[in-house]
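Please look over the sequence and the structure shown here before reading on. The paragraphs after it are meant to be read with both in view.

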Amino acid sequence: MCQDIKTTLYHGTISEINKVDVSLGRDRKDFGKGFYIALTKSQAIGMMHKKFREMVRRSRSKRSEDFVENLYEIRLNESILKDIKIKVFVSADMEWLDFVLMCREQGGTPHDYDLVIGPTADDDTAFCLRAYHEGLYGKIGSIEAKEILLKNLETENLGIQYFIGKQDVADKIIESIAKIDWR
């Protein structure tokens with residue numbers, strides 16, 4: 001499995017990063033609270049632009065010129081992979097959905113994996129999850145409701161993300177962080 005794991009990844013943000021701090025991650029995300037890395041530059045750039053737009057919209061006292069978009073190339077230490085607990089979701093299937101629902105509902109990092117790899121829930125996820133939790137797809141927790149939720153998430157369009165939720169793992173596995181040009 002380790003040979004399929006990519007060791008050059010990307011992170012787009014409006015923050016300056018010298019060292020990864022997993023505690024700064026937002027709560028109730030796909031794989032828990034932590035640090036997310038994209039498989040491709042284009043996916044990371046998309047996330048960077050999304051964060052930029054979100055901050056500009058939320059900041060009343062700042063202008064868009066006050067924020068800077070940054071793209072980072074993250075290199076993982078391949079030798080560490082054999083020593084950590086890894087969960088890989090090959091596709092956005094029912095197992096993946098149950099895991100995402102658990103992480104988003106419970107908050108924090110409600111699992112013991114060191115590295116989680118799998119599809120990224122897209123921008124419509126919050127809307128679809130709200131509809132699911134309101135029972136619009138059927139009885140919450142039922143296979144039928146989850147199948148409708150999976151279909152509505154348009155999982156074939158999702159990118160791949162890597163998640164690190166433990167600081168000690170981040171400190172060991174992240175070999176280098178370098179700001180790169182995204183334009």
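What follows is a walk through charged pairs, a helix packing and a few single residues.

This is a predicted model, in which local features need pLDDT of at least 70 and side-chain atom pairs count only at pLDDT 80 or more, while totals for chains, interfaces and linings use all residues. Residues are numbered from 1 along each chain as its sequence is written, and side-chain values use heavy atoms, with hydrogens and water left out.

We can begin with the charged pairs. Side chains of opposite charge can pair when their charged atoms come close. A salt bridge here is a side-chain nitrogen of Lys or Arg within 4 Å of a carboxyl oxygen of Asp or Glu, and by this rule the count comes to eleven salt bridges. One of them joins E16 to K179, whose closest N and O atoms are 3.0 Å apart. This pair links distant parts of the chain, 163 residues apart, with E16 in the loop between strand 1 (8–13) and strand 2 (35–38) and K179 in strand 7 (residues 174–180). Helices and strands are DSSP runs numbered from the N terminus, a helix being H or I over at least four residues and a strand being E over at least two. E16 counts as exposed because its relative accessibility is 54%, whereas K179, at 47%, counts as partly exposed; the cut-offs are under 20% relative accessible area for buried, over 50% for exposed, and partly exposed in between, with a 1.4 Å probe and protein chains only.

A second pair to look at is K166 with D114, where the closest N and O atoms are 2.8 Å apart. K166 lies in the loop between strand 6 (160–164) and helix 5 (167–173) and D114 in the loop between helix 2 (94–106) and strand 5 (115–119), so this salt bridge ties together parts that are 52 residues apart in sequence. D114 is buried, with a relative accessibility of 11%, while K166 is partly exposed at 27%. Elsewhere, R26, E54 and R58 are linked in a network of salt bridges.

The next pair leads into strand 3, where E73 lies. The side chains of E73 and R75 meet in a salt bridge, with N to O at 3.1 Å. E73 has a relative accessible area of 17% and is therefore buried, whereas R75, at 35%, counts as partly exposed. Leaving aside neighbours within four places in sequence, E73 is in contact, which is to say has heavy atoms within 4.5 Å, with T8, L9, Y10, S176, I177, A178 and I180.

Just before this strand comes V68, placed in the loop between helix 1 (41–58) and strand 3 (70–76). V68 touches T13 and I14, when residues up to four places away in sequence are not counted. The C-alpha atoms of V68 and M48, which are 20 residues apart along the chain, are separated by 9.7 Å.

From here we can turn to the packing of helices. Two packed helices are described by the angle between their axes and the distance between the axes. The axes are lines fitted to C-alpha atoms, for helices over the stretch in contact, and the angles run from 0 to 180 degrees between N-to-C directions. For helix 2 and helix 3 the axes come within 13 Å and cross at roughly 85°. The two helices are therefore roughly perpendicular to each other, given that angles under 35 degrees count as roughly parallel, over 145 as roughly antiparallel, 65 to 115 as roughly perpendicular and the rest as oblique. L101, R104 and E105 of helix 2 make the contact with T125, L129, Y132 and H133 of helix 3.

Within helix 2, L101 deserves a separate look. L101 is buried, with a relative accessible area of 5%, and touches L129, Y132, H133, K146 and L149, not counting residues up to four places away in sequence.

Two loop residues remain. S142 is found in the loop between helix 3 (125–133) and helix 4 (143–152), and counts as buried because its relative accessibility is 15%. The side chain of S142 reaches the backbone nitrogen of A145 at 3.1 Å. R28, in the loop between strand 1 and strand 2, has a positive phi of about 60° although it is not a glycine. Most residues other than glycine have a negative phi. With a relative accessibility of 41%, R28 counts as partly exposed.

How values were computed. A polar contact is a pair of N or O atoms within 3.5 Å; within protein, one must be able to donate a hydrogen and the other to accept it, and residues adjacent in sequence count only if both atoms are side-chain atoms.
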